[in-house]
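The following questions and answers introduce a structure to a reader who has not seen it before. Please examine it before reading on.

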Amino acid sequence: MNKIKSLYEKLNKEYGPPEGQWKVWCKRPKSLKEKEEVIIGAVLTQRTNWNNVEKCFEKMKKEGIDSLRGLYDLGKKDIKKLFPLIRSSGFYRSKADYLFRVCEFFVKECNGVKKAQGKKIDKIREELLGLKGVGKETADSILLYALEKPIFVIDEYTKRIVRKEGISNNDSYDYLQNLFHKNLFKNWRLYQDFHALIVISGQKK
DNA sequence: GTCCAGGGCCGTT
DNA sequence: AACGGCCATGGA
């Protein structure tokens with residue numbers, strides 16, 4: 001028996017399908033714009049309530065600077081110009097720096113999100129992890145939701161649920177990621193939905 | 001007023 | 001390798 005697969009089925013039955021429920025990354029980001037939002041959001045939501053991140057998007061849209069290119073151009077002039085846009089996400093000085101580097105990576109190194117999708121998963125993961133401010137969770141969130149790569153995201157909610165369900169007490173990122181990978185079909189749509197369900201269930205209290 | 005939220009960096013041991 | 005302090009805001 002496969003506890004991981006059972007967990008998916010259980011969550012899907014109780015909360016699913018996730019399509020349309022979850023904030024941004026739940027809608028299975030389709031357009032380029034949505035994918036860029038995922039990338040920006042992945043940085044801004046670090047250790048932060050999503051509600052505070054939404055305020056940033058409102059602000060960015062109001063100012064007309066809500067794309068990777070727009071943020072990159074603004075940050076290049078003066079990184080401090082990003083502060084007011086992202087202030088409400090907290091840790092805004094660090095995040096301005098992190099966000100700028102990520103935007104720079106996609107704009108300059110990758111020539112856009114579309115091109116980045118064409119890169120090999122291992123290669124681009126290494127490149128993302130090399131950016132300051134991008135750890136495994138942030139990198140994998142970008143890979144899974146923006147670049148549609150089949151890689152499972154392990155976040156706080158995931159660690160909590162596997163512990164609660166008696167699946168594992170091991171908190172190690174790599175261990176848990178491997179556990180999901182080896183027990184599921186390698187399919188980014190499945191990974192997106194599953195992770196969305198974990199978050200949805202985690203947020204119900 | 002206090003607590004907490006999709007992390008990650010950087011020193012110190 | 002592991003651990004702790006740090007980064008900041010807004011809602012409950």
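Q: Which helix gives the most residues to the surface near DNA strand B?
A: In this predicted model, 24 residues surround DNA strand B, the closest being Gln-46, Arg-47, Gly-135, Glu-137 and Thr-138. At least two residues of that surface come from each of α9 (136-146) and α10 (156-164). The most, 4 residues, come from α9.

Q: How many polar residues does the surface near DNA strand B have?
A: Sorted by class, this surface holds 7 nonpolar and 7 charged residues. The polar residues there number 10.

Q: How far apart do the C-alpha centres of domain 1 and domain 2 lie?
A: The domain assignment of chain A gives domain 1 as 3-24 + 152-203 and domain 2 as 28-146. Between the C-alpha centres of these two domains the distance is 23 Å.

Q: Which helix gives the most to the side of domain 1 that touches domain 2?
A: Contact between the domains involves 10 residues of domain 1 and 11 residues of domain 2. On the domain 1 side, 6 residues are nonpolar, 1 is polar and 3 are charged. The helix that gives the most to this side, with 3 residues spanning no part outside 188-203, is α12.

Q: What is the radius of gyration of chain A?
A: Chain A has 12 helices and 0 strands. For 205 residues the globule rule gives 17 Å, and the chain's value is close to this, so chain A is as compact as a globular protein of that length. Its radius of gyration is 17 Å.

Key
Residues numbered from 1 in each chain as written. Chains lettered and ligands numbered in written order. Predicted model: local features only at pLDDT ≥ 70, side-chain atom pairs only at ≥ 80, totals over all residues. Near = placed C-beta within 6 Å. Nonpolar A, V, L, I, M, F, W, Y, C, P; charged D, E, K, R; others polar. Domains from an automatic or database assignment. Contact = placed C-beta atoms within 7 Å. Rg over C-alpha atoms; globule rule 2.2 N^0.38 Å.
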